[in-house]
Amino acid sequence: MPTLDYTTGSFKPHEPNPRAKQMIYFYRLIYFTLRVLLFVISPVLPKSLQLWIKLRREKLSQKNNFKNSYWFHASSGEIEYCKSVIRLLKTEDPKAHVVVTYSSPSAEKLFFNISQFVDEFIPLPWDQPFAIKRLIQYIQPRVLVFARTDLWPELIYQVKKQRIPVGVISYNPRLSSLNHFVNRHLLSQLDFISCLQEQIIPSLQLITRTKIIKADGDTRFDQVFFRLSQEPKVKIANSSSDSAPLFICGSTWAEDEAVLFPCFNFLIENKFKIALCPHDVSSSNIARLRNDLEKYGWSYQLLSESQDLQRVDISKNILLVDQVGYLADLYRFGSVAFVGGSFKDKVHSVMEPLCCGLPVAVGPFYHNNPEAVRYVGQSVIRIESPQELTGLIKNISTFDKEQILTEMQKNQNASQRALDTIKESIKTAF
């Protein structure tokens with residue numbers, strides 16, 4: 001594959017097709033207008049958006065030792081879809097340079113278990129020509145790999161001009177009318193698409209001319225199973241088979257809790273312990289939950305007050321998890337799980353409890369999550385009311401934990417397939 005000499009700039013850039021040029025000019029106008037508007041109203045924006053704007057201002061280091069880097073881009077949580085691919089890449093080629101860019105400040109707390117494999121984490125600048133060209137010059141990539149759906153038009157346009165192969169892994173399209181229009185433009189510029197399932201491929205072929213489209217699977221399964229192979233950060237002391245079963249309420253919101261709380265008396269009467277893990281662990285939300293639990297007369301304990309996280313004995317009815325970073329490990333000790341967001345607007349990930357072999361209850365809003373859609377009616381059970389959740393608990397013995405786990409293990413090795421697709425695109429590009 002011909003490559004650009006980044007020091008001399010001797011390689012002649014590739015001219016995009018006229019359609020791509022027209023679209024990028026239109027995008028630049030819209031993006032510039034929105035950026036100016038953001039600066040004008042920034043003083044009254046929520047703190048999260050102010051941090052997002054501030055992140056765009058961070059400057060690059062003066063020097064780097066990169067050459068032909070593997071460049072991965074993720075917004076925030078999408079980094080989880082890159083981790084197992086990066087780990088595998090560095091195992092196969094320890095000398096490979098790996099750079100990760102990210103769009104959201106919340107991504108930074110997710111780097112802890114991949115930092116030893118990445119040469120540099122870089123915030124993505126404003127998606128405008130000068131900033132993106134400078135970033136490409138700095139990273140000197142041999143390939144750009146997007147995770148999931150965080151595709152940036154100017155970034156794609158500029159790497160294509162430099163004849164750098166670009167694609168996406170673990171892609172799961174949302175083919176609404178607007179997305180259909182946007183996807184047709186963006187995906188047609190990609191050199192490869194590694195998607196979740198074979199059923200997606202015909203839809204992608206209708207809207208894109210991309211040469212390499214493969215159903216490599218969901219790379220996050222490999223990351224979840226890798227994490228499960230490590231020592232957990234928290235252990236439940238009374239988790240043996242002859243002790244109380246544990247019902248885990250994961251990433252809950254107030255709308256979820258309105259359905260869950262009417263079931264708690266039944267769970268407690270039937271000797272269940274409950275781990276309540278709210279999505280929002282701010283002091284105000286934890287105070288709200290404590291007031292609710294006390295109002296109903298349920299005894300509870302806070303995870304933060306545990307003396308030893310490697311031997312957490314749930315002596316009360318409810319363990320209120322008031323810290324982040326422990327839910328995925330707690331699923332290991334559960335008997336059944338409910339995943340929150342599903343009575344609000346969007347369900348959170350059901351992958352972690354499924355990979356622990358747990359049957360998972362969700363509310364009506366689960367269609368944003370491909371695993372929930374795929375396994376609903378099997379190991380994922382949709383509920384509409386407290387009565388239906390109670391009915392599920394009564395029939396919990398009909399679920400085979402080992403059978404669920406075996407089904408989930410069939411999703412492994414997507415990272416190897418995705419990495420093979422990435423390497424194929426490098427060999428065949430241009």
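The lining of the largest pocket comprises 18 nonpolar, 17 polar and 15 charged residues. The structure is a predicted model, and this report describes its largest pocket, its cysteines and one of its helices.

**The largest pocket**

Rolling a probe the size of a water molecule over the atoms reveals where empty space remains. The volume of the largest pocket is about 1,900 Å³. It is lined by 50 residues, of which G77, R220, H279, H348 and S349 are the closest to its centre. Two or more lining residues come from each of the elements α3 (80-92), α8 (220-228), β9 (273-278), α11 (327-330) and α13 (370-375). The greatest contribution is that of α8, which supplies 5 residues to the lining of the largest pocket.

**The cysteines**

A disulfide is a covalent bond that joins the sulfur atoms of two cysteines. The count for this model is 0 disulfides. The table sets out the values for C249 and C277.

| Cysteine | Nearest cysteine sulfur | Distance | Relative accessible area |
|---|---|---|---|
| C249 | C277 | 7.4 Å | 0% |
| C277 | C249 | 7.4 Å | 4% |

Why is C249 in no disulfide? A disulfide requires two cysteine sulfur atoms within 2.5 Å. The nearest cysteine sulfur to C249 is that of C277, at 7.4 Å, so C249 does not meet this condition. C277 is likewise in no disulfide, its nearest cysteine sulfur being that of C249. Buried means under 20% relative accessible area; C249, at 0%, therefore counts as buried, and C277, at 4%, is therefore buried as well.

**Helix α5**

How many residues of helix α5 (residues 153-161) are buried? The number is 9 of the 9, so the helix is largely enclosed by the rest of the structure. The buried residues of α5 include the charged residues E154, K160 and K161, together with nonpolar ones such as L155, I156 and V159. After α5 comes R163, which has a positive phi, near 60°.

Q158 offers a closer view of this helix. Q158 lies in α5 and has a relative accessible area of 2%, so it is buried. Which residues does Q158 touch, when those up to four places away in sequence are not counted? They are R28, P129, I132, K133 and I136. The enclosure of α5 by the rest of the structure may thus be followed at a single residue, Q158, through these contacts.

Technical notes: Residues numbered from 1 in each chain as written. Predicted model: local features only at pLDDT ≥ 70, side-chain atom pairs only at ≥ 80, totals over all residues. Heavy atoms only, no water. 1 Å grid on protein atoms, 1.4 Å probe; cavity = no way out; pocket = protein on both sides within 12 Å on 5 of 7 lines; lining within 4 Å. Points joined across faces, edges and corners; volume = space filled by probe spheres on them. Helix = DSSP H or I, 4+ residues; strand = E, 2+ residues; numbered from the N terminus. Buried < 20%, exposed > 50% of the residue type's maximum accessible area, 1.4 Å probe, protein only. Contact = heavy atoms within 4.5 Å.
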